[in-house]
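Student: I'd like to learn how to read a chain-to-chain interface in a model. Could you walk me through one?

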Amino acid sequence: MSLWVDKYRPNSLSKLDYHKDQAAHLKKLVEGGDFPHLLVYGPSGAGKKTRVMCTLRELYGPGVEKLRIEQSHFTTPSNKKLEISTISSNYHIEVNPSDVGHNDRVVIQELIKNVAQVNQLDTTSQKNFKVVVLTEVDRLTKDAQHALRRTMEKYMATCRLILCCNSTSKVIPAIRSRCLGLRVPAPSIEEISHILTVVCKKEGLTLPPEMASKIAEKSSRNLRRALLMCEACRVQQYPFNPDKEISEPDWEIFLRETATMIAQQQSPKRLLEVRGRLYELLTHCIPSDIIMKGLLRELLSVCDGQLKSEVVQNAAFYEHRLQQGQKAIYHLEAFVAKFMAIYKRFLEEGIADIF
Amino acid sequence: MDCLDSDDDVQFVKIDPVKSKVKPKKSVTWVSSSFGDFGPNLSTPISKTKIKGGSLSDLKRNQTDSNISVPQTSVFAFTSQHESRKRPRESDHCITSRLPSHSKTCSSKDLWCDKYRPLHRNDLAVHKKKVEELCEWLARAKSHWKKHAAPILLLTGPPGSGKTACVQVLCAQLGMDVQEWVTNLEQVADQWSGEDFHRSEKSRVDVYMSQSQSSQFHNFLVRANKYPALELMGSAGHVSESDGGNVRGHSACHSTTVLVEDMPNVFFRDPPQFHNILRKYHYSGHSPIVFIMSDSTSSTSSVQKLFPKDLQHQLGVVSISLNPVAPTLLLKLLNKVMSQEARQAQVTQPNSSVIEQIALSSNGDIRSALNSLQFACRMDTADLKPPVSSAPRGRLKKSGTDSKLKYRTSGKEDVASSGGSVASAIGAKDTSIFLFQAVGKILYLKRGDPSTQADHPCLPRHLELHDRHPLLMNPEEVAAKSHVSGDFFTTFLHENYVEFLSSVEDLERASEYFSDADYMSTLWAAREELQQYSVSVATRGFIHSNSDVVRHDSTRKNHGWRPLHKSRWFATNKQANENITTARQIFQGYHWEPEVLCSEILPYISLTNPTLHDTGQISFVQEMTQFSQWKRSSRTRLVRLDEKDVASDEEEGEAGGPTQMKTGAPVTDDKARDGQSKEESVEGDSFLSSSQTNVQNVEKEEEEILIEEYDD
Amino acid sequence: MQAFLKGGTSSAAAKEKTQSPGPSASGTKSQKGKDGKAKPVPWIEKYRPRSVEDVAYQDEVIAVLKKCIQGSDLPNLLFYGPPGTGKTSTILAAARQLFGPELFRNRVLELNASDERGISVVREKVKKFAQLTAGGSRSDGKPCPPFKIIILDEADSMTKDAQSALRRTMEKESKTTRFCLICNYVSRIIGPITSRCAKFRFKALATDILTSRLKAICEAEGVSIEDAAVDALLAASGGDMRRAIMYLQSASRLCGQDGTISQSMIFNIAGVVPEDSLDQLISTCSSDSYEELDKVVKNVIFEGYAASQILEQLFDKVVNMNTLSDQQKAIIFEKMAHTDKCLLDGADEYLQLMALFSTIMQQSCHGS
């Protein structure tokens, strides 16, 4: 028994539940024999990886589903040893190069070179190329992206790349222009609730429609999330009770409480408490940009129109800093302090207006 | 001259990494001398068993003859089993070298700090209570000799505070032998060129050396214990020759103290090895052992690394920390020396203000003060002295009105350094400060009175909001003196700044400056340069944002003494990295991106709690997804920054956290400081800079001493 | 970038009015040979110009280069201009014409600066190659210039130090080697190098040239395309020939042999945000409702559109908006510039877009 997310993942293009046009296009692409490099992009939980795996299966048959997890070793020019885990089948290899941070360039070059130099073992396969799947391409350094662009051209004969990322904004134009871009939009609320219902039926459960749409709403159009939520609800109570709150991860509750704390009181002491909580969140590997967005979402609910704009501007400003800087806590805290100041002024003005 | 010879010998036998750093770099002979070396010149019955250069070569020859794999020992007790016939000669050597230095007829070339070393307990310029404490420990160690596990003492204090002198004098008084470990680096050179040693193994020399250094140390400790009889024989003979009358007759209960001042370098690299040896010694050894460590801001000699708190606890290590010598005591000492010197006509006597200057500028380092004094008294350097300017004297008077002498610390020294101080030209110590003090200086900032400075700029009316009185320190200098990278300094400042601000507006501005500072240091190529600016932005930004301290006389609200904390950022970062790695290892089967894994998959796994996971997975998931309101033991607990904490591994905090951040263990049993903080609050001296705590301590002790003296 | 040639042996290309000179034809042959079992070639390679005459639109450059080729000599060259205007194609075609297909491989070293940059590369690779001697004739008896060509693509991403090192090498090896530097921004090349090179600026391609070439390719490949789709291609590629051809090929792959390439397909491939989404965004800005805006922006992001693309298209919209004063537009553009920079730095798209649109909302509702 595995998570529903994995259990009910469609494994062929024809079984995909939504964006069927795109699936048809992909099928044609595979049939055409002329397979370009792909750049698959779209929000988290929209099904990018699922589509990639389906495409691979379409290309090579069920052999791609025999996965191995391996550790690959690389050595940088400065003799630093790198280790990265890869997931591979006989036909493809999947790697997340951003795991190795600033040395991603070496990994990409070496990996693709290795793959390209080894000929396809299975001669019965129609395809004379292997596929390298790179995830989180938008997190690659610019250096690595440039290297990638060159490598793409060099080994075009024996390997194809499938790049996955959340947004093409962070991918250099040179790569974008060398790939066939595939946009995978997030599924709509209706699509999600439909899928939830179908999955529950397969599990032998009945999901009330209102419950399905409630989960779908809450998932913010993230199918993976929706499925996880649904499974969590199932564990907590069955038959489903649509009136019951959908359980959330602890960190979200924690984050919300933190936001409430900020809105309740604006003082140095409170800031210290908030800092402690922020550290706690960071220790639990919650990405700092998600913390920032979560805080913003909660804080905005206590603001009115004009204030909201100001707060958003600041959130955007500090989130940018966060990406650029090294110490996330500085910027998160600066945002909190900023909000405290803005909100305090707002409250004081409000009081002044009353009198 | 014999005594000079012995000094030279000492110089190359003894290479102390800590001391050589802080010694004033003057002429060679000066550098070579130190209090630590006065042992052989004592007339009191101490059997000082340090090897002299003369015998060194003999020893080596012996060893090569007998093919000992541990080629060199610096204490003859060790080799005596092979070469007992050497003993008399050596003792002779020691004695002859000792005698002349004691006499008053010694030439003026002799270093004063050797010449006027304390010979009696009353001569010690160390605080009486500390002497008492040390004496008690030694006495207890002596009486319990051989009955219990070997007692261990850790004696710390700034350089030149009389640590070694205390041990030597007190041991002499108690009739204990002192056996000192001396790391000999000469041997290294010998090994390189050594004909008899591993001619073909040059490539492995490094390994061999480090092994041999530690094994030597080990052997030294073990043998010092194993063969007390041999050693006793030698030392007894020794003692009786030198000053037979004072030795207590029964040599059977004659005890030895092992003194380790010169820690082999290997152990700084590999503390666990040292810990093992120490443990072994503690359980198998008999003689009390005294470790003398200088406080230092350099990370390599960190006391904490060699003597972590848990080890101290485990082995019952007693720790005595000496403070810098009080300026009044130092002044008295200098005057005494002066008056003695004056009897020998050839010195030019500097006037009293110069002596005062020397006493002040030495920052409580007796050795450095004496060296400075000697330098000042030399005929040929007398003209180097600039005329005593009125400015420092005026300041002296001012401090005199408080009827206290104060070392120039915190803000004052920076102001004064521009005002041309006399003695700082003559051997003033290069003051480096601990991170704790440095951060404290920024946080407890002080401003000067603008009326004393003519060129204090006036801001136009609309900018008056930003008017600040001049600072009494230079933040960049403070940061630089803390000897950590700017980035690291900023993180510590960041951890602590919030408590020192009282309004949200101040917070807003200060936090923005910190954000700026971090943003500035991101450009990798220009990191080095930008870091300086980044520190400036952070420190000055914070200082300016603090609207409580705008004027020099503005009173702080509720800002008493507060503990400073270590930065949690590195620990957090490290923990997060570890968590991610673990998560990916444990949940390899779910090949998700780490972000998704941690923020979506794991939390929901913990909610759905599928039975397929093994216990390790489940416990990890729980740890990862539950927050501290459910689980009290937070991992991001505050860790107090101790006064003498040294940033051991500060660089590239991004990659891995500094090892010194021991998140679990609170390092706050510095009772002295806690007590002191209470005293401060009683005094109502609410904004006393924590950087002054040391000095404050000294002042108090000094008062007590004065009272005692009146009693006398 | 491809101003390109439809020359060579391909039957479709033969229809083209361009003459196919000998070297160009054999160049194509070698290409074919490499491909083996008729493997599909990327169209940008297939339709790369084979001779300098075929390079579209860059008349001044071509005139000079033609003279050079007739004289069998070249100065050091520096090509600069926006991407997709034919810089690389031009020098490759010129080299092919100079050396012929056999010598071409031995005589030309193409270095991509962003791949292997740094001083060591310039010192080692370039030097090594430059030191090889080159003869003055080729196998078919035609005279051939006795030098080699080193093409440094993307020279503007070379470090200053590497460029300085290059300067020395250029002088030392001037007898046997010609350098051709290619970059987008001439300002990033150090002075000593620009002064040693003949500089050529490549203009952005005019739309009619682009249109005719694209249509020619479609004809050659037997792909049917709507006129609107061609316009969409032009809009999406922004004068970049390579991008336009890439999009075209991708679209033809997706729709298969018998389908017709439609406008929406092009937009989809290029990731262009549909007009109505954009209009909705802008109209929401005048509603002065933060909640509305939040919803719309989220929606756009859920659809997977790239924020940078939105910015690009938004710019044209805002410039032409009559409801805003110039001052308001200036404020908005400043914010857009800032947002663009932040996005490039990797900031979160949602937050940046929210910040931008709330500025626009501020301006359109409370500004003036």
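Tutor: Let's go through confidence, then the interface, then the salt bridges.

Student: What kind of model is this, and what should I know before reading it?

Tutor: It's a predicted model: local features need pLDDT of at least 70, side-chain atom pairs count only at pLDDT 80 or more, and totals for chains, interfaces and linings use all residues. Residues are numbered from 1 along each chain as its sequence is written, chains are lettered from A and ligands numbered from 1 in the order in which they are written, and side-chain values use heavy atoms, with hydrogens and water left out.

Student: What pLDDT does chain A average?

Tutor: pLDDT is the predictor's confidence in each residue, from 0 to 100. Where it is low, the predicted coordinates should not be read in detail. Chain A averages 85, and 97% of the residues score at least 70. Among the elements of chain A (helices are DSSP runs of H or I with at least four residues, strands are E runs of at least two, numbered from the N terminus), helix H5 (residues 142-154) has the lowest mean pLDDT, 79, and helix H12 (residues 288-300) the highest, 91.

Student: On to the interface. How much area is buried between chain A and chain B?

Tutor: The size of an interface is often given as the accessible area lost when the parts come together. Buried area here is what two parts lose on being put together (1.4 Å probe), summed over both. For chain A and chain B that's about 6,100 Å², with carbon and sulfur atoms giving 60%. On the chain A side, Tyr279(A), Gln326(A) and Tyr330(A) lose the most area to chain B, together 13% of what that side buries.

Student: And how many residues are in contact?

Tutor: With contact meaning heavy atoms within 4.5 Å, 69 residues of chain A touch 68 residues of chain B.

Student: How many residue pairs are in polar contact there?

Tutor: A polar contact is a pair of N or O atoms within 3.5 Å; within protein, one must be able to donate a hydrogen and the other to accept it, and residues adjacent in sequence count only if both atoms are side-chain atoms. Between chain A and chain B the count is 19 residue pairs, both residues at pLDDT 80 or more. Several elements give two or more residues to the chain A side, including strand S2 (68-75), helix H11 (268-283) and helix H14 (328-354) of chain A. H14(A) gives the most, with 12 residues.

Student: How many salt bridges cross that interface?

Tutor: The rule asks for a side-chain nitrogen of Lys or Arg within 4 Å of a carboxyl oxygen of Asp or Glu. It finds 7 across the interface of chain A and chain B, while a search of the whole structure finds 37 over all chains. One of those at the interface pairs Arg275(A) with Glu495(B), the closest N and O atoms being 3.4 Å apart.

Student: Which residue of chain A does Glu600(B) pair with?

Tutor: Arg224(A), with the closest N and O atoms 2.9 Å apart. The pair runs from helix H28 (residues 594-608) of chain B to helix H9 of chain A. Both residues are buried, meaning under 20% relative accessible area, with exposed over 50% and partly exposed in between (1.4 Å probe, protein chains only).

Student: Why does the Glu508(B) and Lys338(A) pair join two chains?

Tutor: These side chains meet in a salt bridge at 3.2 Å, N to O. Glu508(B) sits in helix H25 (residues 504-520) of chain B and Lys338(A) in helix H14 of chain A, so the pair joins two chains. Glu508(B) counts as buried at 9% relative accessibility, and Lys338(A) counts as buried at 14%.
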